[in-house]
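Let's take a walk through a protein model together. Keep the picture open as you read, and try to find each spot as we come to it.

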Amino acid sequence: MTKESTTNIKSFLATLNGKEHEVPLIDGESMLVSMIAKGLQPTYQCQVGKCTSCIVKVESGKVKMENNEALSDRDIQAGYTLLCQAHPLTADVSVFCDDD
């Protein structure tokens, strides 16, 4: 993932613990890193796309994962992504991080 691909995207929305947060996007970093930098505490573990601890539902917009060794094509088609590997491709990205 190159920095140029997200240069125009400044933030994304994340619902965590029932609250919606606008998360400033750190150029070249994953959505997980951006959330942590904002002081949010999403669930995560391996940070390399293998464990699915950071799986979230993409409610709107499009994202791209750098690496994925855990989600099936069916999971991805259903709108799931891994925060540790995800980068927004569109300015309207919103993810739901809660389990329920």
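Which residue in β5 is the bridge partner of Ile55? That partner is Leu82. Before we look further, one thing to keep in mind: what you see is a predicted model.

## The sheet

Let's start with the strands. There are five of them in an open sheet, and if you read across it, the order is β2-β1-β7-β3-β5. The pairing in this sheet is mixed. At the edges you'll find β2 (19-24) and β5 (80-82), and each of these pairs on one side only. Ignoring direction, neighbouring strands here are turned by 35° against each other on average.

Now zoom in on β3 (55-60). On one side, three bridges join β3 to β5, and the two run antiparallel. The Ile55 and Leu82 pair we began with belongs here, with Leu82 on the β5 side. β3 also pairs with β7 (residues 94-96), again in the antiparallel sense and over three bridges. Want to trace that pairing by eye? Val58 has Val95 of β7 as its bridge partner, and Ser60 has Ser94 of β7. As a rule of thumb while you look, side chains in a regular strand alternate between the two faces of the sheet.

## Charges and rings

How many salt bridges does a search of the whole structure find? The search turns up one. The partners are Glu69 and Lys50, and their closest N and O atoms are 3.9 Å apart. Glu69 sits in the loop between β4 (63-65) and α2 (73-77), while Lys50 sits in the loop between α1 (31-37) and β3, so this pair ties together parts that are 19 residues apart in sequence.

Another lysine has a ring for company: Lys57 lies over the face of Tyr80, 5.0 Å from the ring centre. What about rings pairing with other rings? A search of the whole structure comes back with zero aromatic pairs.

## Cysteines without disulfides

How many disulfides does the model have? The count is zero. Take Cys51: the nearest cysteine sulfur belongs to Cys46 and is 3.6 Å away. A disulfide needs the two sulfur atoms within 2.5 Å, so a gap like that doesn't count. As for its surroundings, Cys51 is partly exposed, with a relative accessible area of 28%.

Cys54 is in no disulfide either, and the nearest cysteine sulfur, from Cys84, is 3.6 Å away. Is Cys54 buried or exposed? With a relative accessibility of 4%, Cys54 counts as buried.

## Loops and unusual angles

Most residues other than glycine have a negative phi. With that in mind, have a look at Asn17, whose phi is near 55°, a positive value. Asn17 is in the loop between β1 and β2, and at 64% relative accessibility it counts as exposed.

Gln47 also has a positive phi, near 65°. You'll find Gln47 in the loop between α1 and β3, where it is partly exposed with a relative accessible area of 40%.

## Along the chain and through space

Here's a good exercise: pick two residues, check how far apart they are in sequence, then check the distance in space. Glu29 and His87 are 58 residues apart in sequence, and their C-alpha atoms are 7.5 Å apart. Glu29 is in the loop between β2 and α1 and counts as partly exposed, at 35% relative accessibility.

Ser30 is also placed in the loop between β2 and α1, but Ser30 is buried, with a relative accessible area of 7%. Try Ser30 with Arg74: they are 44 residues apart in sequence and 22 Å apart in space, C-alpha to C-alpha. For one more pair, go to Leu13 in strand β1 (residues 11-16). Leu13 is partly exposed, with a relative accessible area of 30%. The C-alpha atoms of Leu13 and Gln47 are separated by 20 Å, with their positions 34 residues apart along the chain.

Definitions and conventions. Residues numbered from 1 in each chain as written. Predicted model: local features only at pLDDT ≥ 70, side-chain atom pairs only at ≥ 80, totals over all residues. Heavy atoms only, no water. Salt bridge = Lys/Arg side-chain N within 4 Å of Asp/Glu carboxyl O. Helix = DSSP H or I, 4+ residues; strand = E, 2+ residues; numbered from the N terminus. Pairing = 2+ DSSP bridges. Axes fitted to C-alpha atoms, helices over the stretch in contact; angles between N-to-C directions. Buried < 20%, exposed > 50% of the residue type's maximum accessible area, 1.4 Å probe, protein only. Phe/Tyr/Trp six-rings, centres within 6.5 Å; stacked < 30°, edge-to-face > 60°. Lys NZ or Arg CZ within 6 Å of the ring centre and 35° of its normal.
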